[in-house]
Amino acid sequence: MQAEFTIETRGQGLYEFTSDIRDWLSASGADGLLTLFVRHTSCSLLVQENADPEVQTDLQAFFSRLVPPSDHPSMSYLKHTYEGPDDMPAHIKAAMMPVSLSIPVRRGQPALGTWQGIYLFEHRTASHVRRVAAHFG
């Protein structure tokens, strides 16, 4: 089975789409391996806690401090700045975090832990439409 998920972002942050994945997989009722791949170079995929929203806020804050915008004095060495001060830092963050995930599936449900969710981590400040390719087999 293959599908593509569309996630509309409203700027930097984590966007959970676990329920979309669960709905898609539930029809199969099968065991297997789910592979997700984000088709963009300025966002990432994460499995992360979905119980406390402060986790997502803290992750966003940490990565923003770790890789500030290109107009920050500490980032003056960057050359790729044509698309704004958030562009190259978004590429750096995507290079540091996963752009694909492999998740076991049991009886048509992702074998996630109690507090785990599947997220797209948007690294750009503007809204985007992101596409995640999914393969289950």
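Setting aside neighbours within four places in sequence, Leu120 is in contact (heavy atoms within 4.5 Å) with Ile7, Thr9, Gly13, Leu14, Tyr15, Phe17, Val38, Cys43, Ser44, Leu45, Arg130 and Val132. This is a predicted model, in which local features need pLDDT of at least 70 and side-chain atom pairs count only at pLDDT 80 or more, while totals for chains, interfaces and linings use all residues. Residues are numbered from 1 along each chain as its sequence is written, and side-chain values use heavy atoms, with hydrogens and water left out.

**Cores**

Leu120 is one of five residues, with Phe17, Leu34, Leu36 and Val132, that touch the most other members of the largest nonpolar core, a group of 21 residues. Two or more residues of this core come from each of β1 (2-8), α1 (18-26), β3 (32-38), β4 (43-49), β5 (100-106), β7 (116-122) and β8 (129-136). Apart from this core lies another, of seven residues, including Leu59, Phe63, Met97 and Tyr119. A nonpolar core here is a set of buried Ala, Val, Leu, Ile, Met, Phe, Trp, Tyr and Cys residues joined through side-chain atoms within 4.5 Å. Buried means under 20% relative accessible area, exposed over 50%, and partly exposed in between, with a 1.4 Å probe and protein chains only. The elements are DSSP runs numbered from the N terminus: helices are H or I runs of at least four residues, and strands are E runs of at least two.

In α1, the buried residues are Thr18, Ile21, Trp24 and Leu25. They lie on the same side of α1, because they cover an arc of only 130° around the axis; the arc is that of the directions from the helix axis to the C-beta atoms. An α-helix has 3.6 residues a turn, so residues three or four places apart point the same way.

**The three-stranded sheet**

One open sheet has three strands in the order β2-β7-β4, with antiparallel pairing. Two strands pair if DSSP finds at least two bridges between them. β2 (13-16) and β4 are the edge strands, each pairing on one side only. From one strand to the next the twist averages 35°. Antiparallel β4 and β7 are joined by seven bridges, and Leu45 stands opposite Leu120 in β7.

Helix α2 (residues 53-66) lies across β2, β4 and β7 and runs at about 35° to β7. Axes are lines fitted to C-alpha atoms, for helices over the stretch in contact, and angles run from 0 to 180 degrees between N-to-C directions.

Leu14 belongs to strand β2. Beyond four places in sequence, Leu14 is in contact with Leu46, Gln56, Leu59, Tyr119, Leu120 and Phe121. Between Leu14 and Gln60 the separation is 46 residues in sequence and 7.7 Å in space, C-alpha to C-alpha.

**The five-stranded sheet**

A second group of strands, in the order β1-β8-β3-β5-β6, forms an open sheet of five strands with antiparallel pairing. Its edge strands, β1 and β6 (109-110), each pair on one side only. β8 pairs with β1 over seven bridges and with β3 over five bridges. Glu8 has Val129 of β8 as its bridge partner, and Leu34 has Phe136 of β8. Phe37 stands opposite Ala133 in β8.

The side chains of β8 alternate: Arg130, Val132, Ala134 and Phe136 point to one face and are buried, whereas Val129, Arg131, Ala133 and His135 point to the other and are not. In general, side chains in a regular strand alternate between the two faces of the sheet.

**Two arginines**

Arg130 is in strand β8. Its side chain makes a polar contact of 2.7 Å with that of Glu122. A polar contact is a pair of N or O atoms within 3.5 Å; within protein, one must be able to donate a hydrogen and the other to accept it, and residues adjacent in sequence count only if both atoms are side-chain atoms. Residues touched by Arg130, not counting those up to four places away in sequence, include Phe5, Ile7, His40, Cys43, Leu120 and Arg124.

Arg107 lies in the loop between β5 and β6. Phi of Arg107 is near 50°, a positive value in a residue other than glycine.

The accessibility of three residues is set out below.

| Residue | Relative accessible area | Class |
|---|---|---|
| Arg107 | 66% | exposed |
| Arg130 | 4% | buried |
| Leu14 | 15% | buried |
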